[in-house]
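Visitor: I've got the model open and I'd like to know what stands behind the labels people put on it. Can we go through a few?

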Amino acid sequence: MNLRQIEVFRAVMLAGSVTDAARSLHVSQPGISRMLSHIELQLGLRLFERRKGRLLATPEAQALFAEVEQVYRGVARIDDCAQALKDGKMLTLRVLCSPSTGLDMVPRALTALGEEFPSARIYFEVLLAREMVKRLAAHEADVAISTLAIDDPLLSSRPIGQWTLAGVFPRGHALEARRTLSPADILKERMISFSPDTPQGRIIADWCLRHRLQPDARIEVRAGQSACALAAAGAGVAIVDDLTARGCMTDRLSFRPIRNAPSFDIFAVTNENFAASQLANRFVAHAQSALRQLKKERA
């Protein structure tokens, strides 16, 4: 029996008549009758007796119907499973991100994802780029949001937005009166510097050469959050990525964008050998939206 024959046989068994079965399947009564005759001929079994206008199922039909119902229950379970997957149930998303995106952007995206898929389970960790590469390559994570370009043959990187630089300083500092800052504005201040091998450190070194300035830098850090914490405490001013500046805002810290500062891509990174789940795709979409909203709010 093919699927259509099974469907017709089941409809007749449930309805108890050809007429009602035809009505439930939205087909003609003669079509159902021909199908039943063909099924009986094909199987070599008598499935129904026509007695005084009634259709009586034979014991053979009853036994066949019991098997058909098991098939339909299996189909129903498949439908339930598909719907659960569509709703995010039974799925887990493992998300990694760079420190600056983990302050505000990615938490916003994960919150929106959780509202869209309330039954999904989400694992979230902030890591440096080299650790993200290891986890993704080993398929110990599903997607990462990275502020650094990742060059690895196993991984695929897609730009989803950009980050740039901002100057951070204590609330009430003279720089707060300006809408934007130039590199020279910050280099003339007492600075919290970055290690030379960091993106900020390389940019600051280039600006120092270009403007022929040597800032008063007595504290060196490697992370933007550390620079913001020090600036808020009054240790000096710092140049950090704008995502960290926005994410670290308190009543003790201010920031301003830096004019003509370079921009850098933010990437969604996945493993090339594994297809992305619906959850992963929706998370990336929410991450893009969160980045746009974050920059709009603090423009």
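**Labels and the values behind them**

Guide: Sure, and keep in mind that this is a predicted model. Let's start with a cysteine: Cys-228 has 2% relative accessibility, so it counts as buried.

Visitor: What makes 2% enough for calling Cys-228 buried?

Guide: Buried means under 20% relative accessible area, and Cys-228, at 2%, falls under that cut-off, so the label fits. Cys-248 gets the label too, because its 16% is also under 20%.

Visitor: Why is there no bond between Cys-228 and Cys-248?

Guide: A disulfide needs two cysteine sulfur atoms within 2.5 Å. The closest cysteine sulfur to that of Cys-228 is the one in Cys-248, 4.1 Å away, so the pair is too far apart for a bond. Cys-248 is in no disulfide either, and the count comes to zero.

Visitor: Why is Leu-43 called partly exposed?

Guide: Its value is 33%. Partly exposed lies between the 20% and 50% cut-offs, so Leu-43 belongs there. Leu-43 lies in helix 3 (residues 29-43), and with Met-1 and Leu-45 makes a nonpolar surface patch of about 210 Å².

Visitor: In the open sheet with the order 10-7-11, what makes strand 10 and strand 11 edge strands?

Guide: Strand 10 (238-241) and strand 11 (253-257) each have a single partner strand, so one side of each is left without a neighbour in the sheet. The pairing is antiparallel, and the twist averages 40 degrees from one strand to the next.

Visitor: How do you know that strand 7 and strand 10 pair?

Guide: Pairing takes at least two bridges, and strand 7 (residues 165-170) and strand 10 have four, in the antiparallel sense. Val-168, for instance, has Ala-238 in strand 10 as its bridge partner.

Note on methods
Residues numbered from 1 in each chain as written. Predicted model: local features only at pLDDT ≥ 70, side-chain atom pairs only at ≥ 80, totals over all residues. Heavy atoms only, no water. Buried < 20%, exposed > 50% of the residue type's maximum accessible area, 1.4 Å probe, protein only. Patch = residues over 30% accessible without salt bridge, like charges linked within 9 Å, V, L, I, M, F, W, Y side chains within 5 Å. Areas by Shrake-Rupley, 256 points an atom, 1.4 Å probe, with all protein chains shown as cover. Salt bridge = Lys/Arg side-chain N within 4 Å of Asp/Glu carboxyl O. Helix = DSSP H or I, 4+ residues; strand = E, 2+ residues; numbered from the N terminus. Axes fitted to C-alpha atoms, helices over the stretch in contact; angles between N-to-C directions.
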